[in-house]
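I opened this notebook to keep track of what I looked up, one topic at a time. The sequence and the structure come first, and my entries follow.

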Amino acid sequence: MDIMALVRLAGGIMFTPLSDDVLMMGYTALRIKEGVHPVLIWLAAWPVFFISFAWFYLLARFFREIPFIKKFMKVKFLTRAEDILDRRGLWAIGLSFFLPGVRHPIHYVAGLLAYPLPRYLGMTFLAAGLYTGLWTFIIVRIGQAVTWSELWEWIMTNPSMIFIILAVVLIIAVASIVHARRRHQLEKEAVAE
């Protein structure tokens, strides 16, 4: 395994405006071309992404402690943002890996608003593993030239899988909406009392 390639990947994530997706695709494609097994590619990229995103969090945490910046952190809106982050931050951090454009800012915000470190590191570790594994799988499959006809054939031979996936997504969406409405109703009742 080329250690310098991992250092370049980490440096690209932390210090360049290049998309992390592009960096991961390039890293994976080059390692596959070199004959590295996909599982080794994934296991090498996972800690690199974890450390890189922990860097964003820790950098923002450091700046939070500077007295000049700390003076501006006492605003009412920041308190509200901290409350929102406490409630939904774990999912925001996890999903940020899959949402280009908010991937880095969410980690900076988590650090600035002092999101609990153990929860942050746990979700970042899991999400980084899922993210790098997914990209490794996609690049390996593209390298095997998956065609639309193969995809269509799989859909035709496994139609129940499509329905199961759609049903699970629908159930999660409905449960989230119902949960949010209940929470909102309980908050209204608590305020009314």
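**Around Ile 13 and the core**

I began with Ile 13 and, setting aside neighbours within four places in sequence, found it in contact with Asp 20, Leu 23, Val 48, Phe 49, Ser 52, Phe 53, Phe 56 and His 104, where contact means heavy atoms within 4.5 Å. Before going further I noted that this is a predicted model, in which local features need pLDDT of at least 70 and side-chain atom pairs count only at pLDDT 80 or more, while totals for chains, interfaces and linings use all residues. I also noted that residues are numbered from 1 along each chain as its sequence is written, and that side-chain values use heavy atoms, with hydrogens and water left out.

I then looked up the largest nonpolar core, which has 32 residues, and found that Leu 9, Ile 13, Tyr 27 and Phe 49 touch the most other members. Helices H1 (3-15), H2 (20-33), H3 (38-64), H5 (76-96) and H7 (117-143) are the elements that give two or more residues to this core, and H3 gives the most, with ten. For the terms, I wrote down that a nonpolar core is a set of buried Ala, Val, Leu, Ile, Met, Phe, Trp, Tyr and Cys residues joined through side-chain atoms within 4.5 Å. Buried means under 20% relative accessible area, exposed means over 50%, and partly exposed lies in between (1.4 Å probe, protein chains only). Helices (H or I, at least four residues) and strands (E, at least two) are DSSP runs, numbered from the N terminus.

**Thr 132**

Which residues does Thr 132 touch, not counting those up to four places away in sequence? I found Met 24, Trp 42, Ala 45, Trp 46 and Phe 49. Thr 132 lies in helix H7 and is buried, with a relative accessible area of 0%.

**Aromatic rings**

I searched the whole structure for aromatic pairs and the search gave 13. The rings of Phe 50 and Phe 125 have their centres 5.5 Å apart and their planes at 90°, so I entered the pair as edge-to-face. This pair links distant parts of the chain, with Phe 50 in helix H3 and Phe 125 in helix H7, 75 residues apart. Phe 125 is partly exposed, at a relative accessible area of 39%. The rule I used is that rings of Phe, Tyr and Trp (its six-membered ring) pair if their centres lie within 6.5 Å, with planes under 30 degrees apart counted as stacked, over 60 as edge-to-face and the rest as tilted. I also recorded a cluster in which ring pairs link Phe 49, Phe 53, Phe 56, Phe 97, Phe 98, Tyr 108 and Tyr 131.

**Salt bridges**

Taking a salt bridge as a side-chain nitrogen of Lys or Arg within 4 Å of a carboxyl oxygen of Asp or Glu, I arrived at a count of three. Arg 103 and Asp 20 meet in one of them (3.6 Å, N to O); Arg 103 lies in helix H6 and Asp 20 in helix H2, so the pair ties together parts that are 83 residues apart in sequence. Asp 21 and Arg 103 meet in another (3.2 Å, N to O), and this pair links helix H2 with helix H6 across 82 residues. Asp 20, Asp 21 and Arg 103 are thus entered as a network of salt bridges.

Are the residues of this network buried or exposed? I found Arg 103 buried at a relative accessible area of 4%, Asp 20 buried at 2% and Asp 21 buried at 11%. Arg 31 and Glu 34 also meet in a salt bridge (2.9 Å, N to O), and Arg 31 counts as buried at 4% relative accessibility.

**Two loops**

Ser 19 has its place in the loop between H1 and H2 and is partly exposed, with a relative accessible area of 30%. From Ser 19 to Gly 101 I noted 8.7 Å, C-alpha to C-alpha, for residues that are 82 apart in sequence. Ala 114 is found in the loop between helix H6 (103-112) and H7, and its phi is near 55°, a positive value in a residue other than glycine.
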